Amino acid sequence: MKKERFSQIALDGLVRQNPTFRLVLGTCPTLAITISAINSFGMGMAVLFVLVCSNVIISLLRNVIPDRVRIPCFIVIIATFVTIVSMFMEAFLPDLFNSLGVFLALIVVNCIILGRAESFASHNPVGASALDGLFMGLGFTVSVTLIAIVRELLGSASFFGIELWDASKFSIKFFTSSAGAFLTYGLFIAIFNVCYNAVERKLKHNRAHKMLKPVTAETAKEAE
Amino acid sequence: MSKEVKNDVVETNEKTASAEKAMKKGTVIQAVKAIAVLVIICLVCGILLALCNDLLYVSDDVKFDRAMQKIYPNFKKADDSPALDTANAKTPYGEVLDLVKSSDGAYILTAKSSNIGFSNGTVTVYVAVSGGENPTVAGWSIKENVGQSFIGNISEKHQKTWFIGQSITVVNPENPEGSGLGSGATHTENAIGYAINAAAYYCINVLKLVSTPESEAKDALVALLGTEYDGYGFVAVNDAEYLEACKVGDKELSFYFEGTKADSDPLAAYVYGEDDARQIVVVKDGITHAERLEEAAVVKKSEGIDEELVAKAQSRSYFEYQIQKSHAGFEFAGMGEVNEEFATAEKGTVNKIYLSTDGAIIVEATGNGGFMNGTVTINVIIADREIKGWSIVSNTEQSYISNIINSTQASTWYVGSSIDGALELGDNKVTGTTMSSTAINNAVNTACYYARNTLPQGGAE
């Protein structure tokens with residue numbers, strides 16, 4: 001795979017098409033599980049695993065799966081991996097499994113996974129699909145973990161479950177509530193998009209600047 | 001139409017039909033292929049999941065052990081885990097719903113508080129009690145609750161610190177509410193304290209994890225009575241003044257128990273001394289039957305018991321003591337006849353009337369509206385158209401009545417109140433016994449209704 005293609009997929013997953021901040025997909029788990037950074041990271045890893053595996057399998061079967069049954073097929077494949085993740089967590093990470101609760105099973109209907117299967121994996125080769133799954137998953141994981149870090153810090157005075165100071169002395173319980181989740185999420189989307197647009201404008205400006213030919217004596221003469 | 005044109009039309013029709021047939025065939029093949037692919041994917045996924053399930057399956061036993069290990073990290077279910085003694089599962093603080101023993105001797109109990117939480121709700125907790133010579137609360141966590149809106153204020157940190165390491169004999173004997181823990185959810189906090197105390201009470205009195213002088217005395221009493229008196233529920237009455245009043249020479253009354261059983265006469269047990277020197281005498285009558293205040297029949301007594309102690313038990317009935325404490329001039333003059341016209345009030349009935357030589361009366365009345373629609377029967381001492389005192393005689397279904405019996409708050413209720421008006425407890429009810437308090441209030445009002453209509457100077461309402 002070309003280096004350019006690789007960086008394009010990576011940038012799409014992490015920034016340009018970041019599922020949480022740019023596409024605003026997977027909002028339910030984002031709001032629900034970002035109360036704790038550990039939960040969010042665990043959820044992110046689960047989504048990453050399902051995304052990579054389902055993208056790979058769907059990409060492999062893209063020429064076999066008839067168009068009219070593609071959605072049921074995608075759902076079956078995705079549900080299989082979600083169930084495997086669920087079984088694994090129950091066996092080896094029971095605390096995380098209990099914390100994530102129903103949201104683990106709801107990965108099946110996560111828009112990010114079905115969306116990538118439909119729009120990317122079913123049209124692209126295996127390698128690219130795996131990378132897409134990986135970077136989309138990483139984009140989701142980083143996003144939800146960042147939101148969770150802020151909420152946990154302000155709401156519970158802890159960082160990944162480690163108490164930083166006495167929460168009874170200073171903590172803003174609002175951030176642990178649903179309304180706090182909406183506010184934090186909204187602020188993150190705003191900040192991310194402001195930064196993204198600023199960087200993009202600057203890049204466009206630089207590109208345009210490069211395209212302009214420098215004015216020399218010869219070109220000026222030609223113009224005359 | 002010429003023959004050639006006709007042939008062309010026929011040929012075209014045949015071609016169209018053939019194309020349609022081919023298309024239909026193609027569609028069917030596509031549909032079959034689609035279904036086949038879907039079925040194959042389902043089958044492969046099913047096989048994969050079956051394999052994973054085989055490798056990663058977590059059994060119910062493991063799940064249970066894990067849940068318990070959260071509360072007590074060393075938990076491993078013991079083979080000799082005892083069954084819950086449902087007959088003794090109700091305690092003055094709440095009810096024990098389940099218990100399981102760990103292989104290292106610890107117990108994990110599921111205990112539910114009485115209805116003292118927020119909005120009279122309950123909290124159910126898991127409580128781990130360590131084994132050994134001095135069992136302590138090793139851990140607890142909230143299982144579920146009813147109507148505790150602020151249960152979220154009880155954080156994991158609270159669950160790791162409150163009560164932990166406290167001996168089950170002193171979890172909070174005086175103040176199970178555990179007030180001052182400062183969670184911002186006081187009622188819920190109280191309910192948690194009650195549930196933990198219920199577990200501790202069960203460990204002491206049923207599992208016998210630790211012996212207290214009271215539990216030892218109770219065991220000795222039950223042993224003395226034998227199987228003939230099975231089913232009696234004994235409650236220690238911790239009335240220091242009464243214990244002092246029952247002193248015989250230098251021999252102090254260690255414990256006074258009252259025992260009740262459905263459809264049986266109540267018993268009173270007097271326990272003097274401890275260990276080998278312990279002497280017990282159990283009497284009936286003399287507790288609630290004022291006709292025989294000084295002739296309480298002896299049911300059982302320790303071998304070689306000091307006869308002075310027996311005589312004291314027969315003569316110093318708690319009933320008589322309570323009456324005289326409330327109204328020193330009371331001297332039993334016989335039973336009065338119940339005036340049937342005023343014996344039944346809206347929320348209770350009058351059963352008996354005891355007369356005193358000085359004109360005071362004791363009205364025994366039963367009040368309705370208790371816990372589980374049960375009743376409470378009480379004696380109300382009335383003199384000079386005023387309530388001088390009252391005491392509980394018996395009850396039905398009132399699991400937490402001992403909270404009232406042993407409450408100093410309840411002992412002041414109604415004393416000095418006139419019988420000429422309706423009496424209300426308002427917020428002065430004993431926490432956790434709202435329904436029983438209501439039944440008592442109904443009984444007191446029934447007695448007052450009877451007295452104001454039958455005593456001199458009182459006209460019929």
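This report walks through a predicted model with two chains, A and B.

## The two chains

Let's start with the overall make-up. Chain A has ten helices and two strands, and along its sequence they run in the pattern α-α-α-α-α-α-α-α-β-β-α-α. Chain B comes to eleven helices and 15 strands. The table puts some values for the two chains side by side.

| Chain | Residues | Buried residues | Contacts joining residues at least 24 apart, among those at least 6 apart in sequence |
|---|---|---|---|
| Chain A | 224 residues | 42% | 73% |
| Chain B | 461 residues | 46% | 54% |

## The nonpolar cores

In soluble globular proteins, nonpolar side chains tend to be buried together. In this model, the largest nonpolar core has 40 residues, and V50(A) and I107(A) are the ones with the most contacts inside it. Several elements of chain A give two or more residues to this core: helix 3 (37-60), helix 4 (70-92), helix 5 (94-100), helix 7 (111-121) and helix 8 (126-156). Helix 1 (3-56) of chain B does so too, and helix 4 of chain A gives the most, with eleven residues.

What does I107(A) touch, once its neighbours within four places in sequence are left aside? It is in contact with M43(A), A46(A), V47(A), V50(A), I78(A), V82(A) and I113(A). Apart from this largest core lies another one, of 35 residues, with A343(B), A345(B), I353(B) and A443(B) among them.

Helix 3 of chain A, one of the contributors to the largest core, deserves its own look. This helix has 24 residues and reaches 34 Å from its first C-alpha to its last, close to the 34 Å expected at 1.5 Å a residue. Of those 24 residues, 17 are buried, so helix 3 of chain A is largely enclosed by the rest of the structure.

## Helix 2 of chain B

Now over to chain B, where helix 2 covers residues 60-71. It has twelve residues and reaches 17 Å from its first C-alpha to its last, close to the 16 Å expected at 1.5 Å a residue. Which of its residues are buried? In this helix, D65(B), M68(B) and I71(B) are buried. They sit on the same side of helix 2 of chain B, because they cover an arc of only 105° around the axis. What covers these buried residues includes four strands of chain B: strand 1 (94-101), strand 2 (107-113), strand 3 (122-129) and strand 4 (137-146).

I71(B), which lies in helix 2 of chain B, gives a closer view of that cover. Its relative accessibility is 6%, under the 20% cut-off, so I71(B) counts as buried. Leaving aside neighbours within four places in sequence, I71(B) is in contact with Y126(B), A128(B), A138(B), G139(B), W140(B) and S141(B). As for V129(B), that residue is 58 residues from I71(B) in sequence, and the two are 10.0 Å apart in space, C-alpha to C-alpha.

## A pocket lined by both chains

Rolling a probe the size of a water molecule over the atoms shows where empty space is left. The second largest pocket here has a volume of about 2100 Å³. There are 47 residues lining this pocket, and the closest to its centre are S155(B), E156(B), K157(B), Q159(B) and K160(B).

Which elements each supply at least two residues of the lining of the second largest pocket? From chain A come helix 3, helix 5, helix 8 and strand 2 (162-163). From chain B come helix 2, strand 4 and helix 3 (156-161). Helix 3 of chain B gives the most to this lining, with six residues.

## Two more spots in chain B

R278(B) lies in the loop between strand 7 (267-272) and strand 8 (279-284) of chain B. Is R278(B) buried or exposed? At 17% relative accessibility, R278(B) counts as buried. Not counting residues up to four places away in sequence, R278(B) touches E216(B), A217(B), A220(B), V271(B), Y272(B), G273(B) and S302(B).

A297(B) lies in strand 9 (residues 297-301) of chain B. With 24% relative accessibility, A297(B) counts as partly exposed. Its C-alpha atom and that of Q314(B) are separated by 7.1 Å, and the two residues are 17 residues apart along the chain.

Notes. Residues numbered from 1 in each chain as written. Chains lettered and ligands numbered in written order. Predicted model: local features only at pLDDT ≥ 70, side-chain atom pairs only at ≥ 80, totals over all residues. Heavy atoms only, no water. Core = buried A, V, L, I, M, F, W, Y, C linked by side-chain atoms within 4.5 Å. Buried < 20%, exposed > 50% of the residue type's maximum accessible area, 1.4 Å probe, protein only. Contact = heavy atoms within 4.5 Å. Expected span 1.5 Å × (residues − 1). Arc of directions from axis to C-beta. 1 Å grid on protein atoms, 1.4 Å probe; cavity = no way out; pocket = protein on both sides within 12 Å on 5 of 7 lines; lining within 4 Å. Points joined across faces, edges and corners; volume = space filled by probe spheres on them.
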